[in-house]
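Reader: Could you take me on a close look at one part of this protein, the surroundings of the ligand and the sites annotated there? I would enjoy one connected walk through it, with some of the overall setting first.

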Amino acid sequence: MTPAARVQASIEILDQILSGAPVEKALTGWARRSRFAGSKDRAAIRDHVFGALRCKRSFAAAGGVETGRGLMIGAMRMQEVDLDQIFNGEGYAPASLEEHEQAKPCESDAQKYDIPEWLWPTFQESLGDLTLPVAEALRARAPVHLRVNLIKSSVDQAVSVLLADGIQARPHPACSTALEVVEGERKISGSRAYTDGLVELQDAASQAVVESLDLNPGIRVLDYCSGGGGKALSLAAHHGVDVFAHDVNAARMRDLPARAERAGAQITLLTNDEISAQAPFDIVLTDAPCSGSGSWRRAPAGKWSLTQEGLNRLTETQRTILDDVAPLVGPAGVLAYATCSMLEVENGAVIDAFVAAHSEWTETFRKTWYVSHGTDGFFTSHLTR
Ligand SMILES: C[S@@+](CC[C@H](N)C(=O)[O-])C[C@H]1O[C@@H](n2cnc3c(N)ncnc32)[C@H](O)[C@@H]1O
């Protein structure tokens, strides 16, 4: 496909997404209908689509209108691409530009920095001096991070096994097991380091949330909101730690047994009914459902689907989960709360409300990771009685 034909395909996919189609469904549907497209075409189109979704408001301004075509005109304008090379109607290229397809000025900082207008005050209150660096970072692609699985490899060994498959990675300062991939990221899933379980795909801050805990041999840890099990696997890589995983939606843990086997890790899955019989735990980690604002670079549609009502519901759920899990923690144990959000209402405010309502609990640790510092955005807090 020519660069212009890739832009035309991206326009069609973006139009479907703007009409409500889920991003992955729109991308795979197009790929299925377009057998002529090679893997490089699909990757380039995916990059266009995700790039346009991250910068939807500013690209719409630069392209004059919020349609697939408007977003791609805006994208090309902002990247200073010669528009006549792409929009010329030749072959499978998009039609030539019309007189009215002019850039419009951004009407607010929220538009300029690609944050929903309603969220901007909350975003500013949460981030203070980091508001603009964080918003700017959310407009760009996320780096690819790996977790070295210490059950199977050292950091140095993982780096050299990756290199043998053409993947260059270097240690990331956020966590002792974290690597940042600097070259060859598309080769990861087929590499020996990955298929043999020496490394897992996991953001460095997500790893650091786990590393912030005291994971001594012999302790029992419950990952209460385990989902696909990124954190459970990370916990289980610590020698002698007995890991239990649970999720209210058990189907989300479907792939966890196979992932654990590849990693050489032991994890016991628990249903809702089995938890109380296994309590108390030394640590209960609740990686609670949240807005995902810290991972909007990877899942940019979430930035635009969040509403004030949705955010209110999430904070209610976060508070309920903390109330539910507190009794599962042993007398000297730790209740650890985490989100992949940088919004104060989902983070410090939830903890402060919990401590205010449960005076026996004290916060012993709190940390936020920001996308502007090279990881996904994350928050964690530890509580003890
Ligand atoms: C942020 S995700 C977890 C990600 C996962 N810990 C990881 O690192 O890959 C939040 C998870 O919480 C689960 N969840 C939502 N409400 C819950 C509840 N009341 N109790 C337990 N899990 C819940 C969701 O199904 C979802 O899988």
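**From the whole fold to the ligand shell**

Author: Happy to. This is a predicted model, and its overall dimensions make a good start. A compact globule of 385 residues would have a radius of gyration near 21 Å, and the protein has 22 Å, which agrees. The C-alpha trace spans about 70 × 50 × 35 Å along its principal axes. Within it there are 18 helices and eleven strands, and 42% of the 385 residues count as buried. Among contacts between residues at least 6 apart in sequence, 66% join residues at least 24 apart.

The chain is divided into domain 1 (3-107), domain 2 (145-201) and domain 3 (205-384). The centres of domain 1 and domain 3, taken over C-alpha atoms, are separated by 37 Å. Five residues of domain 1 are in contact with four residues of domain 3. On the domain 1 side, helix α3 (residues 39-54) gives the most, with three residues. That side divides into three nonpolar, no polar and two charged residues. An unreviewed UniProt entry places the feature "domain: SAM-dependent MTase RsmB/NOP-type" at residues 134-385. This span is 31% helix and 24% strand, and its end C-alpha atoms lie 34 Å apart.

Now to the part you asked about. There are 17 residues around the ligand, of which Cys 225, Gly 227, Gly 230, Val 248 and Asp 287 come nearest. By class, the shell has five nonpolar, eight polar and four charged residues. Helices α13 (230-236) and α17 (308-325) each supply at least two residues of this shell.

Asp 287 also appears in the record: for "binding site", the unreviewed UniProt entry lists Asp 247 and Asp 287. These two span 41 residues in sequence, yet their C-alpha atoms are no more than 10.2 Å apart, so they gather at one spot. Asp 247 has its place in the loop between β6 (242-245) and α14 (256-263), while Asp 287 lies in strand β8 (residues 281-287). Asp 247 is buried, with 23 other C-beta atoms within 10 Å. Asp 287 counts as buried too, because it has 25 C-beta neighbours inside 10 Å.

Their contacts tie the picture together. Leaving out residues up to four places away in sequence, Asp 247 touches Cys 225, Ser 226, Gly 227, Arg 252 and Met 253. With that exclusion, Asp 287 touches Cys 225, Lys 231 and Ala 338. Cys 225 thus appears in both lists, and Cys 225 is also one of the residues that come nearest to the ligand.

One further annotated position deserves a stop: the unreviewed UniProt entry gives Cys 340 as "active site". Cys 340 is found in the loop between β9 (329-339) and α18 (348-357). With 26 C-beta neighbours inside 10 Å, Cys 340 counts as buried. Leaving aside neighbours within four places in sequence, Cys 340 is in contact with Cys 290, Gly 292, Gly 294, Ser 295, Asp 376, Gly 377 and Phe 378.

Strand β9 also holds Gly 330. Gly 330 is partly exposed, with 15 other C-beta atoms within 10 Å. Not counting residues up to four places away in sequence, Gly 330 touches Pro 280, Phe 281 and Asp 282. The C-alpha atoms of Gly 330 and His 145 are separated by 34 Å, and these residues are 185 apart along the chain.

Definitions and conventions
Residues numbered from 1 in each chain as written. Predicted model: local features only at pLDDT ≥ 70, side-chain atom pairs only at ≥ 80, totals over all residues. UniProt positions renumbered as here; feature names shortened; annotations may be inferred. Helix = DSSP H or I, 4+ residues; strand = E, 2+ residues; numbered from the N terminus. Near = placed C-beta within 6 Å. Nonpolar A, V, L, I, M, F, W, Y, C, P; charged D, E, K, R; others polar. Rg over C-alpha atoms; globule rule 2.2 N^0.38 Å. Buried ≥ 20, exposed ≤ 12 C-beta atoms within 10 Å, placed from the backbone. Contact = placed C-beta atoms within 7 Å. Domains from an automatic or database assignment.
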